[in-house]
Amino acid sequence: MFEVYKKETGLYCTNSYIVKDPVSEETAVIDPGVYDEEYENFLVRNGVTGIKYILLTHGHFDHICGAYHLKKKYGGEILIHEEDAVCLENADASLTNSVSGYTQEICTADRKLSDNDEIYLGENKIRVIHSPGHTRGSILFVSEGLIFSGDTLFRGSMGRTDLPGGSTKTIFRTLRAIGQMQGEYRILPGHGEETSLSYEKRNNRYLRANDTSHT
């Protein structure tokens, strides 16, 4: 079972996560939206000395702008879905140039992910599920009992679809697939509180609107 540590980062309060396999001590960081002194203290406080993977749920500025500096300091491969990889190389595509308070250093993906790819920390598997709708290349990172949902699914809500690459029709299709997942999962979103799959199936109107099990 992974050890997971969360920190809110940046002006948009983006959740960034450290994911660590306690046996091998291999570590991934998910969505480093910023890299500053406070974020560095977060890493040190949680025993990060090296990173295997920098995992990005999608390519928006508030999820990727720390990736360059994190890799430079700690190493690790930057992984992002192939549809959003351009965001690492283009500050217009990531929307960084459309906001204030964020600076993006251009970098490239070490690996471009696709649906059902698998990533390992130690012997623990993380599965990639393509979850378009918020962006074309949005993904979930799914492991035993955990879903890192990025900006696809929030507690009681869903990601916005009015930005470039967003699609309400597509995200509803994605939410329908999430709602049909079996078993229980902690859902660790890109913003806001942690939730669970069972809670969202009962209470999230966007998931319920897409539930075909009772029709």
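Is Glu 194 buried, exposed or partly exposed? Glu 194 is partly exposed, with a relative accessible area of 36%. Here buried means under 20% relative accessible area, exposed means over 50%, and partly exposed lies in between (1.4 Å probe, protein chains only).

The legends below show a predicted model, in which local features need pLDDT of at least 70, side-chain atom pairs count only at pLDDT 80 or more, and totals for chains, interfaces and linings use all residues. Residues are numbered from 1 along each chain as its sequence is written, and side-chain values use heavy atoms, with hydrogens and water left out.

**View 1. Arg 186 and Glu 194 form a salt bridge.** Their closest N and O atoms are 2.7 Å apart. A salt bridge is a side-chain nitrogen of Lys or Arg within 4 Å of a carboxyl oxygen of Asp or Glu. By this rule the structure has 7 salt bridges. Arg 186 is partly exposed, at 37% relative accessibility. Side chains of opposite charge can pair when their charged atoms come close.

**View 2. Lys 52 and Glu 26 form a salt bridge.** The closest N and O atoms are 3.2 Å apart. This pair links distant parts of the chain, 26 residues apart. Lys 52 sits in the loop between helix 1 and strand 4 (53-55). Glu 26 sits in the loop between strand 2 and strand 3. Helices (H or I, at least four residues) and strands (E, at least two) are DSSP runs, numbered from the N terminus. Lys 52 is partly exposed, with a relative accessible area of 29%. Glu 26 is partly exposed too, at 26%.

**View 3. Arg 160 forms a salt bridge with Asp 162.** Here the closest N and O atoms are 2.7 Å apart. Arg 160 counts as partly exposed, at 47% relative accessible area. Asp 162 counts as exposed, at 55%.

**View 4. Six strands form an open sheet.** The strand order is 1-2-3-4-5-6, and the pairing is mixed. Two strands pair if DSSP finds at least two bridges between them. Strand 1 (3-9) and strand 6 (111-113) are the edge strands, and each pairs on one side only. From one strand to the next, the twist averages 20°. Angles run from 0 to 180 degrees between N-to-C directions, and axes are lines fitted to C-alpha atoms, for helices over the stretch in contact. Strands of a sheet pair through backbone hydrogen bonds, either parallel or antiparallel.

**View 5. Strand 5 and strand 6 run in the parallel sense.** They pair over 3 bridges. Leu 79 stands opposite Arg 111 in strand 6. Helix 1 packs on the sheet and touches strand 1, strand 2 (14-20) and strand 3 (27-30). Its direction makes about 170° with that of strand 1. Contact means heavy atoms within 4.5 Å.

**View 6. Leu 43, Leu 70 and Leu 88 touch the most other members of the largest nonpolar core.** This core has 20 residues. A nonpolar core is a set of buried Ala, Val, Leu, Ile, Met, Phe, Trp, Tyr and Cys residues joined through side-chain atoms within 4.5 Å. Helix 1 (37-45), helix 3 (67-74), strand 5 (77-81) and helix 4 (86-89) each supply at least two of its residues. Apart from this core lies another, of 18 residues, among them Phe 2, Leu 113, Leu 121 and Ile 139. In soluble globular proteins, nonpolar side chains tend to be buried together.

**View 7. Leu 88 has many neighbours to trace.** Not counting residues up to four places away in sequence, Leu 88 touches residues including Leu 56, Ile 64, Ile 78, Ile 80 and Ile 106. Gln 104, Cys 107, Thr 108 and Ala 109 are also among its contacts.

**View 8. Cys 13 and Cys 107 are in no disulfide.** A disulfide is a pair of cysteine sulfur atoms within 2.5 Å. A search of the whole structure finds 0 disulfides. For Cys 13, the nearest cysteine sulfur is that of Cys 65, 15 Å away. For Cys 107, the nearest is again that of Cys 65, 9.3 Å away. Cys 13 is partly exposed, at 38%, whereas Cys 107 is buried, at 12%.

**View 9. Glu 25 and Leu 95 have positive phi values.** Phi is near 65° at Glu 25 and near 75° at Leu 95. Each is a residue other than glycine. Glu 25 lies in the loop between strand 2 and strand 3, and is exposed, at 58% relative accessibility. Leu 95 lies in the loop between helix 4 and strand 6, and is buried, at 12%.
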